[in-house]
Amino acid sequence: MLPNLLVPSMAQSGGTTRSLQLSVSPGVMEGSRIHYMAPVYPKEAKKNHIQGDVLVRMKIDTEGIPVDVTAIHGDPLLADAAVTAIKQWRYKPYLLDGKAVMVETTATVKFHL
């Protein structure tokens, strides 16, 4: 069994396997992050004392680059800043049987004054 994986599954179409899609826990992916860019706190959010967490869903490609980055929970004034920051993060490629695979995960970006 693969450690710390949430949902390994094979997508099938007409009896042929298209690709392996792995969902990996945020904690595992945080441990493999090699470049972090802090979000820029939006001026309007600061002015209005808006703070909180933004939950973001993303895929990390075989080169460790976040793609398909989408905010799924949090204040809309903070969401764009969270997505922009995460698109600049970099990860070690996730290996399965020695080959880099694309994974899906989530990350939380915290905004606190």
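1. The hairpin formed by β4 and β5 has 5 residues between its strands, and within this hairpin G64 adopts a positive phi near 85 degrees. The model under discussion is predicted, and the points below should be read accordingly. Strands β4 (residues 52–60) and β5 (residues 66–73) run antiparallel and are joined by 5 bridges. One pair in this register is R57 with T70, the latter being the bridge partner in β5.

2. Two residues that are not glycine also deserve a check of their backbone. D68 has a positive phi of about 50 degrees although it is not a glycine, and its place is in strand β5. H49, likewise not a glycine, has a positive phi of about 55 degrees; H49 is found in the loop between α2 (43–47) and β4. D68 counts as exposed because its relative accessibility is 53%, where the cut-off for exposed is over 50%. H49 also counts as exposed, at 62% relative accessibility.

3. I72 is a further residue of strand β5. With a relative accessibility of 38%, I72 counts as partly exposed. Beyond its neighbours up to four places away in sequence, I72 touches L55, V56 and R57. The C-alpha atoms of I72 and T106 are separated by 9.4 Å, and their positions lie 34 residues apart along the chain when counted as a separation.

4. As to the overall architecture, the chain holds 3 helices and 9 strands. Read from the N terminus, the order of elements is β-β-α-β-α-β-β-α-β-β-β-β. The chain has 113 residues, of which 34% count as buried. Among contacts with a separation of 6 or more, 67% are between residues 24 or more positions apart.

5. Strand β4 has a second pairing to consider, with β9. These two strands pair in the antiparallel sense over 9 bridges. Within the pairing, M58 stands opposite T105 in β9.

6. Which residues form the covered face of strand β9, and which the uncovered one? The covered face of β9 (residues 103–111) consists of V103, T105, A107, V109 and F111. The uncovered face consists of E104, T106, T108 and K110. In a regular strand, side chains alternate between the two faces of the sheet.

7. V103 and F111, both on the covered face of β9, recur in the largest nonpolar core. This core has 27 residues, and I86, V103 and F111 touch the most other members. Elements giving two or more residues to the core are β2 (16–24), β4, α3 (76–86), β7 (94–96) and β9. The largest share, 7 residues, comes from α3. In soluble globular proteins, nonpolar side chains tend to be buried together.

8. The surroundings of V103 may be listed in full. Leaving aside neighbours within four places in sequence, V103 is in contact with Q21, L22, V24, M29, M58, K59, I60 and Y94. M58, included in that list, is the residue that stands opposite T105 in β9.

9. The largest pocket has a volume of about 180 Å³. It is lined by 16 residues, and those closest to its centre are E30, R33, W89, A107 and T108. Two elements, α1 (26–31) and β9, give two or more residues to the lining. The greatest contribution, 6 residues, is that of β9. By character, the lining residues divide into 9 nonpolar, 4 polar and 3 charged. A107 and T108, both close to the pocket centre, are assigned to the covered and uncovered faces of β9 respectively.

10. R33, one of the residues closest to the pocket centre, is found in strand β3. R33 counts as partly exposed, at 25% relative accessibility. Apart from residues up to four places away in sequence, R33 touches W89, R90 and Y91. The C-alpha atoms of R33 and Y91 are separated by 4.2 Å, although these residues are 58 residues apart along the chain.

11. Is S32 buried or exposed? S32 is buried because its relative accessible area is 13%, which is under the 20% cut-off. S32 lies in the loop between α1 and β3 (33–35). Not counting residues up to four places away in sequence, S32 touches R90, Y91 and K92. R90 and Y91 are also touched by R33.

Conventions. Residues numbered from 1 in each chain as written. Predicted model: local features only at pLDDT ≥ 70, side-chain atom pairs only at ≥ 80, totals over all residues. Heavy atoms only, no water. Buried < 20%, exposed > 50% of the residue type's maximum accessible area, 1.4 Å probe, protein only. Helix = DSSP H or I, 4+ residues; strand = E, 2+ residues; numbered from the N terminus. Pairing = 2+ DSSP bridges. 1 Å grid on protein atoms, 1.4 Å probe; cavity = no way out; pocket = protein on both sides within 12 Å on 5 of 7 lines; lining within 4 Å. Points joined across faces, edges and corners; volume = space filled by probe spheres on them. Nonpolar A, V, L, I, M, F, W, Y, C, P; charged D, E, K, R; others polar. Contact = heavy atoms within 4.5 Å. Core = buried A, V, L, I, M, F, W, Y, C linked by side-chain atoms within 4.5 Å.
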